[in-house]
Amino acid sequence: MNIRLFIFSIFAMLCVSQVNANTTITVQYTGCVEETNVIFKHQPSLLELLKFPTVKPCAYSFATALMQPQLLSIQKDQKERLLNNIQLLQLNENSTALNQYLRWLKGLIQLQPITGRVLGLELDSTRVEIILLQNKIFSNSLTLHFPKRLRLINFIGANKDQMYYRPVLTLDDYLTKNPLFDFFEKGYVYVVQANAEVERVKVGYWNHQKHYLSPGSWVIGLLKPSVIDGVAPSFNEDLSKWLATQVLP
């Protein structure tokens with residue numbers, strides 16, 4: 001090895017070691033856990049964060065949420081953009097029923113908090129352990145929330161806003177008992193599971209696949225292209241991504 005390159009490598013390692021030595025990461029544990037604020041003197045891995053706390057029996061691990069302060073401003077913009085688009089749709093729409101729905105939806109979103117929830121992150125400790133790429137290292141303080149199990153399914157654009165969770169029911173079963181309003185697109189909905197996974201799902205009698213919901217999930221009716229095109233074409237997707245940021249209590 002070139003001597004200059006060798007010296008530079010040693011110097012870089014010493015610098016990294018010094019940074020790590022001065023690192024202090026505060027992790028706030030909330031929900032069904034014994035611990036509250038924990039200070040790590042190094043940059044912890046995701047697996048370390050998940051295995052550290054004593055989790056109580058009331059925890060609904062599938063819906064565990066990791067939240068980072070640096071995402072708050074991004075999600076604040078996301079919320080404001082969604083509310084602005086609802087207002088634009090209201091101004092562009094003459095249907096009384098659809099305007100009533102949009103007014104209700106606007107009120108719901110206004111009351112929802114900006115959480116900083118990280119999406120697309122695997123939080124099952126077993127999967128994190130066996131899939132090394134999932135075991136991320138964290139260099140900033142964060143919150144890890146272990147919610148209680150919620151025995152409800154949430155609906156956006158159906159006759160009832162919520163239904164009790166029943167594990168034997170499929171998505172189609174729920175929509176048969178609690179149909180969407182007529183002004184929504186037929187054949188598809190967005191589903192946001194309790195672990196923040198978002199999926200556009202085919203529904204109806206022509207659907208031959210059974211799709212099940214997790215407690216605390218969202219079922220979202222899709223506004224028709226004739227309503228959103230030219231005004232807010234990505235509205236359905238934007239709404240589902242916003243709802244994915246919400247955290248169970």
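**Note on the strands, the disulfide and the confidence of the model**

1. Asn 154 stands opposite Trp 218 in β9. That strand covers residues 218–223. β5 and β9 pair in the parallel sense, over 3 bridges. Please keep in mind throughout that this is a predicted model.

2. Asn 154 has a partner in another strand too. Asn 154 stands opposite Gln 162 in β6. Here β5 and β6 (residues 162–164) run antiparallel, again with 3 bridges. The two strands form a hairpin, with 5 residues between them. Gly 157 sits in that turn and has a positive phi of about 100 degrees.

3. Is β5 buried or exposed? The strand spans residues 152–156, and 5 of its 5 residues are buried. Both of its faces are covered. One side carries Leu 152, Asn 154 and Ile 156. The other side carries Ile 153 and Phe 155. In a regular strand, side chains alternate between the two faces of the sheet.

4. β2 makes a contrast worth checking on screen. Its covered face holds Val 38 and Phe 40, while Asn 37 and Ile 39 lie on an uncovered one. So β2 has one covered and one uncovered face, whereas β5 is covered on both.

5. Next, the sheet that contains β2. It is an open sheet of 4 strands in the order β2-β1-β4-β3, and its pairing is mixed. β2 and β3 are the edge strands, each pairing on one side only. From one strand to the next, the twist averages 20 degrees.

6. β1 shows both senses of pairing. With β2 it runs antiparallel, joined by 4 bridges. Ile 25 of β1 stands opposite Phe 40 in β2. A hairpin of 5 residues joins these two strands. With β4 (residues 142–146), β1 runs parallel, and 5 bridges join the pair. Val 27 stands opposite Leu 142 in β4.

7. How many disulfides does the structure hold? The count is 1. Cys 32 and Cys 58 form it, with their sulfur atoms 2.1 Å apart. The angle about the S-S bond is -125 degrees, and the link is left-handed. The pair ties together distant parts of the chain, 26 residues apart. Cys 32 lies in the loop between β1 (25–31) and β2 (37–40), and Cys 58 in the loop between α2 (46–51) and β3 (65–67).

8. The two ends of this link are not equally covered. Cys 32 has a relative accessible area of 2%, so it is buried. Cys 58 is at 32% and therefore counts as partly exposed. The cut-offs that matter here are under 20% for buried and over 50% for exposed.

9. Pro 69 deserves a look. Its place is in the loop between β3 and α3 (72–92). Its relative accessibility is 49%, so it counts as partly exposed. Leaving aside residues up to four places away in sequence, Pro 69 touches Ser 141 and Leu 142. Leu 142 is the residue of β4 that stands opposite Val 27. Thr 115 is 46 residues from Pro 69 along the chain, and their C-alpha atoms are separated by 8.4 Å.

10. Among the helices, consider α8 (residues 235–244). It is mostly covered, with 7 of its 10 residues buried. Among them are Phe 235, Leu 239, Trp 242 and Leu 243. Asn 236, Ser 240 and Ala 244 are also on the buried list.

11. Now the chain as a whole. It has 8 helices and 9 strands. Of its 249 residues, 44% count as buried. The C-alpha atoms fill a box of roughly 75 × 40 × 35 Å along the principal axes. The accessible surface comes to about 14,000 Å², and carbon and sulfur atoms account for 55% of it. Take contacts between residues at least 6 apart in sequence: 66% of these join residues at least 24 apart.

12. Last, confidence. Mean pLDDT for the chain is 88, and 91% of residues reach 70 or more. Where does pLDDT stay under 50? Residues 4–20 are such a stretch. For this stretch the model has 4 contacts beyond four places in sequence.

Note on methods: Residues numbered from 1 in each chain as written. Predicted model: local features only at pLDDT ≥ 70, side-chain atom pairs only at ≥ 80, totals over all residues. Heavy atoms only, no water. Buried < 20%, exposed > 50% of the residue type's maximum accessible area, 1.4 Å probe, protein only. pLDDT = per-residue confidence, 0-100. Contact = heavy atoms within 4.5 Å. Pairing = 2+ DSSP bridges. Disulfide = S-S within 2.5 Å. Axes fitted to C-alpha atoms, helices over the stretch in contact; angles between N-to-C directions. Areas by Shrake-Rupley, 256 points an atom, 1.4 Å probe, with all protein chains shown as cover.
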